[in-house]
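Let's take a walk through this protein together, one region at a time. Keep the viewer open as you read, and turn the model as each residue comes up.

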Amino acid sequence: MKRLTGKELREAFLKFFAEKDHLILPSAPLIPRDDPTLLWINSGMAPLKAYFDGSKEAPHPRIVTAQKCIRTNDIENVGKTPRHHTLFEMLGNFSLADYFKEEAIRWSWEFIIDVLELNPEQLWVTVYEEDEEAAYIWTKKIGFPSERLAYFGKEENFWEIGDGPSGPCSEIHFDRGQEYSCSAQCTIGCECERFSEIWNLVFTQFNKKPDGTYEPLPNKNIDTGMGLERVATILQGKDNNYETDLFFPYIEYLQEKSGVSYEDSSGLERAAFWVIADHIRAISFTLGDGALPGNEGRGYVIRRILRRASRYGRHLGFYEPFLHEMVPLVVKIMGDSYPELKTKKDYIVQIVELEEERFNQTIQQGLELLQEEIKDLKESKKKVLPGEKAFILYDTYGFPLDLTRDVLEEEGFSVDEVGFHQEMEEQRERARQARFAQDLGWRGTSGQQLDRVARDLPGTHFYGYEDLQGSGRILKILGEEGELPALQEGQEALVVLDSSPFYPEGGGQVGDKGCFAGDERMIKVNNTRQHEELIFHEVRVEKGKIKEGDTLELIVDQKRRQAIARNHTATHLLHQALRTVLGEQVEQAGSLVDEERLRFDFTHFKPLEKEDLEKIEAEVNARVLDNMPVEAVYTSLEKAREMGALALFQEKYTEKVRVICIGDYSSELCGGTHLSSTGEMGPLRIVSEAGIAAGVRRIEAVTGFNALRYMKEKENILEDLGRMLKAQPSELNKRLKLLLKENEDLKNRLQKAQSRSLADLAVELVQGQEKIGDYSLVAGQVEVTGPEEMRQLGDMIKDRLKSATIALAAEREGKAMLLLLLTSDLVEKGFHAGKLINTMAREVGGGGGGKPHLAQAGGPDAQNIPQALEAIRKSIQAGER
């Protein structure tokens with residue numbers, strides 16, 4: 001058996017099949033492209049699906065890859081077993097209507113025996129029970145012993161997902177020996193640790209028809225998958241994947257930082273080592289491929305595993321953010337094979353740290369509340385936490401269900417997940433109904449009504465890219481009480497037309513406004529939105545009346561549309577400028593475009609420096625001066641990708657798409673309205689830049705006349721300052737620096753004078769100290785600027801005395817401030833300032849506390865300060881401590 005590192009195994013596999021005329025393709029990103037059926041790339045074949053179904057021409061009939069994959073259907077098992085992982089690597093060789101079973105089987109055997117040098121006596125093979133061809137190749141052509149070849153049914157050895165391509169498969173298993181078996185009767189097919197499946201060869205040879213029958217495919221394909229981690233475990237002679245060089249460096253790191261021995265660990269400590277080692281890899285890779293933590297979809301998966309790893313860190317003593325410090329280790333181990341990790345290392349570190357800090361703000365409160373619920377379960381002798389309680393933890397305190405489940409399981413309880421999801425669905429429905437009303441801006445209009453209208457009517461034809469004026473026929477009028485046949489003067493409603501030039505809100509762009517006119521009628525359009533294929537116009541009849549079937553003249557507010565177009569074209573220029581200045585890791589995370597401004601959200605790990613903002617602004621304005629043409633190109637999604645057009649990965653696109661091209665500078669998939677050339681935009685000024693979420697920044701900017709207005713406002717401010725400071729705008733900086741220096745000098749002189757004054761006051765108070773029995777008391781009402789100055793005075797008095805109680809009081813804004821200090825000898829005798837000061841605080845109607853040598857208090861009744869000072873005298877006389 002050859003001893004190979006994970007990296008050496010990966011390289012050996014690729015090299016072997018490259019020598020068999022396979023094209024090596026780099027690993028695809030974990031975020032699927034143009035495949036809405038997948039949340040993550042979860043197999044070696046997933047990125048190649050378009051080649052297999054014929055929708056895209058393959059670059060070569062033979063392909064080999066080492067593909068990073070994510071599977072999240074059993075995250076809760078990661079850490080509980082040595083086999084479950086979130087991120088893993090699948091080595092695979094693929095044939096597209098080229099070679100078939102014999103070559104696939106022969107080459108797999110050659111690689112295992114000649115390259116990996118595995119002991120053939122420890123290998124088992126399984127085939128589909130009806131696949132005699134594969135069995136014949138194994139036993140007769142390869143010479144594999146028939147006693148270690150097993151036949152299985154469809155569930156184990158036949159690949160199919162619904163109708164379409166399908167076929168039998170053959171699996172190669174490694175027998176790890178009797179010591180890993182669950183029983184003396186253990187044999188191939190058992191789910192224990194003894195028989196490890198290392199390679200699956202899928203022979204795609206049938207097309208499954210809707211009636212359940214299978215017909216041979218004219219072009220047969222090969223799809224294989226070898227689990228890198230499992231094979232590395234065998235080659236390195238380890239008990240489990242976590243002890244290979246792919247995982248163990250993370251465990252060694254955790255050992256060193258926590259002081260907890262992995263070898264001596266068990267239970268939750270052992271699980272913590274495994275969970276963190278697994279999850280930090282998945283977190284780093286997913287963030288490196290452009291996903292971000294969030295509350296839905298991929299974002300929720302990242303947030304879930306990051307928070308799970310963070311919580312398990314507590315079992316090893318990590319109570320502060322620590323995961324971000326492990327990212328460089330992931331880069332060190334995996335960066336040569338996956339260079340995107342190196343490129344985005346700093347970005348990944350920043351995102352992980354921000355997310356950890358956010359979670360740390362809520363986890364402790366959530367854990368405490370959950371422990372209270374567990375206590376109640378124990379007292380009531382119940383075993384299941386109600387779904388409603390789990391939902392409150394999630395909804396109010398941000399404590400995820402999977403963490404609730406994990407904590408409960410550790411204590412021997414479970415959670416009513418059905419009840420939780422019921423609560424979640426009810427909340428979603430409430431939000432959906434509210435969103436319909438908000439999105440369409442119409443009171444009383446329900447989602448069901450809009451769905452029904454969308455089903456009953458053909459879509460609205462939009463012609464507003466070409467014309468801002470035209471005609472349209474009324475198909476439906478929706479009022480507060482439902483559908484209306486007509487609308488009278490003064491009434492408001494939603495109107496659906498058969499065609500319209502009004503752009504509906506979408507893609508971050510607000511909807512158009514304008515009017516309908518004709519035959520002594522005037523209808524004001526206050527907003528335009530879309531539902532399904534219909535455009536809804538929010539209108540008010542100013543003059544006349546309208547009814548279903550009427551054809552009206554439609555006029556979009558041209559000046560407003562042009563202002564919106566300026567801002568929308570500006571967002572595209574800004575997007576490209578951000579990528580030019582900050583790097584191509586920048587991705588759009590949201591936008592808002594209206595007639596007043598633009599707002600652009602983008603992924604970035606830290607605040608932008610002033611110099612960066614200046615470069616970005618200059619870059620955009622340079623492209624404006626270039627007066628580049630802005631064109632809309634209609635093409636296929638595939639062609640758009642080939643053009644390098646940017647797209648939001650969260651969006652789903654139809655096969656035919658619209659691409660906005662700005663010269664050779666920018667191209668983006670976009671349905672919004674734009675200028676004809678960048679010169680029409682006028683200047684752009686960035687108004688603000690700020691963070692809005694972990695790893696997401698927001699820029700707000702203005703263009704055109706609004707930019708000129710913004711600059712004029714700034715100019716007016718400078719002129720006003722110049723008049724106040726009696727300086728020209730160009731001299732303001734110098735003048736302000738001079739004034740600030742003068743101010744600082746005056747403050748220093750004032751502080752010195754105050755110190756001298758305080759020192760004199762301290763001497764005066766010391767001279768007036770009282771003797772009460774064996775003790776000295778310095779007490780008095782003083783005039784100070786605040787608590788800090790009173791503390792400074794107290795320290796001056798204390799420095800002048802060997803043994804004394806110092807009680808000071810002052811009035812500030814009508815309230816009493818109290819300070820009590822004790823010298824160290826009194827503290828040694830058991831006196832406690834934090835307790836004694838309460839006798840003073842009660843007199844002024846307040847409270848306080850502190851340490852044995854120093855305490856502070858306050859109260860609303862400043863007129864009772866003399867009584868407070870008398871109270872401390874009496875306490876000393878009474879021997880209170």
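A good place to start is helix H6, residues 228–235, which is largely enclosed by the rest of the structure because 7 of its 8 residues are buried. Please keep in mind that you are looking at a predicted model. The buried residues of H6 are Leu228, Glu229, Val231, Ala232, Thr233, Ile234 and Leu235. What do they pack against? Around them you will find H1, H8 and four strands: S3 (87–96), S7 (164–175), S8 (195–208) and S9 (214–227). After H6 comes glycine 237, with a positive phi near 65°.

From here, step out to the nonpolar core. In soluble globular proteins, nonpolar side chains tend to be buried together. The largest nonpolar core in this model has 99 residues, and those with the most contacts inside it are Leu9, Phe111, Trp138, Ile198 and Trp199. Helix H8, residues 267–288, supplies the largest share of this core, with 12 residues. Apart from it lies another core, of 27 residues, which includes Ile660, Cys670, Leu684 and Ile686.

Trp138 is worth zooming in on. Setting aside residues up to four places away in sequence, tryptophan 138 touches Ile105, Ser108, Trp109, Val125, Val127, Gly143, Phe144, Leu149, Ser170, Ile172 and Leu201. Next along the chain is threonine 139, which sits in helix H4, residues 132–142. Beyond its neighbours within four places in sequence, threonine 139 is in contact with Phe144, Ser146 and Leu149. For a sense of scale, threonine 139 and glycine 846 are 92 Å apart, C-alpha to C-alpha, with their positions 707 residues apart in sequence.

Now for valine 352, in helix H12, residues 345–380. Is this residue buried or exposed? Valine 352 has a relative accessible area of 0%, so it is buried. Its contacts, leaving aside neighbours within four places in sequence, are Ile283, Leu287, Leu306, Leu323, His324 and Val327. Valine 352 and proline 29 are 323 residues apart in sequence, and their C-alpha atoms are 19 Å apart in space.

What about empty space inside the protein? Rolling a probe the size of a water molecule over the atoms shows where empty space is left. Here the count comes to 1 cavity of 30 Å³ or more, and the largest cavity has a volume of about 40 Å³. Its lining consists of Trp40, Ile70, Thr72, Thr86, Ala282, Thr286, Val301, Ile302 and Ile305. H8 and helix H9 (297–313) are the elements that give two or more residues to this lining, and H9 gives the most, with 3 residues. By class, the lining of the largest cavity has 6 nonpolar, 3 polar and no charged residues.

Further along the chain, look for glutamate 789 in helix H22, residues 787–799. With a relative accessible area of 13%, glutamate 789 falls under the 20% limit and therefore counts as buried. Not counting residues up to four places away in sequence, glutamate 789 touches Gln754, Leu758, Glu783 and Val784. Between glutamate 789 and isoleucine 474 there are 76 Å from C-alpha to C-alpha, and the two are 315 residues apart in sequence.

The cysteines come next. A disulfide is a covalent bond between the sulfur atoms of two cysteines. How many disulfides does the model have? The count comes to 0 disulfides. Cysteine 190 is in no disulfide, and the nearest cysteine sulfur, that of cysteine 182, is 3.4 Å away, whereas the cut-off for a disulfide is 2.5 Å. Cysteine 190 counts as partly exposed, at 26% relative accessibility, while cysteine 515 counts as buried, at 16%.

Let's finish with the backbone. Most residues other than glycine have a negative phi, and most peptide bonds are trans. Aspartate 21 is not a glycine, yet has a positive phi of about 65°. You will find aspartate 21 in the loop between helix H1 (6–18) and strand S1 (23–25), where it counts as partly exposed, at 46% relative accessibility. Glutamate 532 also has a positive phi, near 55°. Its place is in the loop between strand S19 (522–531) and strand S20 (534–543), and at 52% relative accessibility glutamate 532 counts as exposed.

How values were computed:
Residues are numbered from 1 along each chain as its sequence is written. This is a predicted model: local features need pLDDT of at least 70, side-chain atom pairs count only at pLDDT 80 or more; totals for chains, interfaces and linings use all residues. Side-chain values use heavy atoms; hydrogens and water are left out. A nonpolar core is a set of buried Ala, Val, Leu, Ile, Met, Phe, Trp, Tyr and Cys residues joined through side-chain atoms within 4.5 Å. Buried means under 20% relative accessible area, exposed over 50%, partly exposed in between (1.4 Å probe, protein chains only). Contact means heavy atoms within 4.5 Å. On a 1 Å grid over the protein atoms alone, a cavity is a set of points where a 1.4 Å probe fits but cannot get out, and a pocket is an open set with protein on both sides within 12 Å along at least five of seven lines; lining residues have an atom within 4 Å of a point. Grid points are joined across faces, edges and corners, and a volume is the space filled by probe spheres set on the points. Ala, Val, Leu, Ile, Met, Phe, Trp, Tyr, Cys and Pro count as nonpolar, Asp, Glu, Lys and Arg as charged, and the others, Gly among them, as polar.
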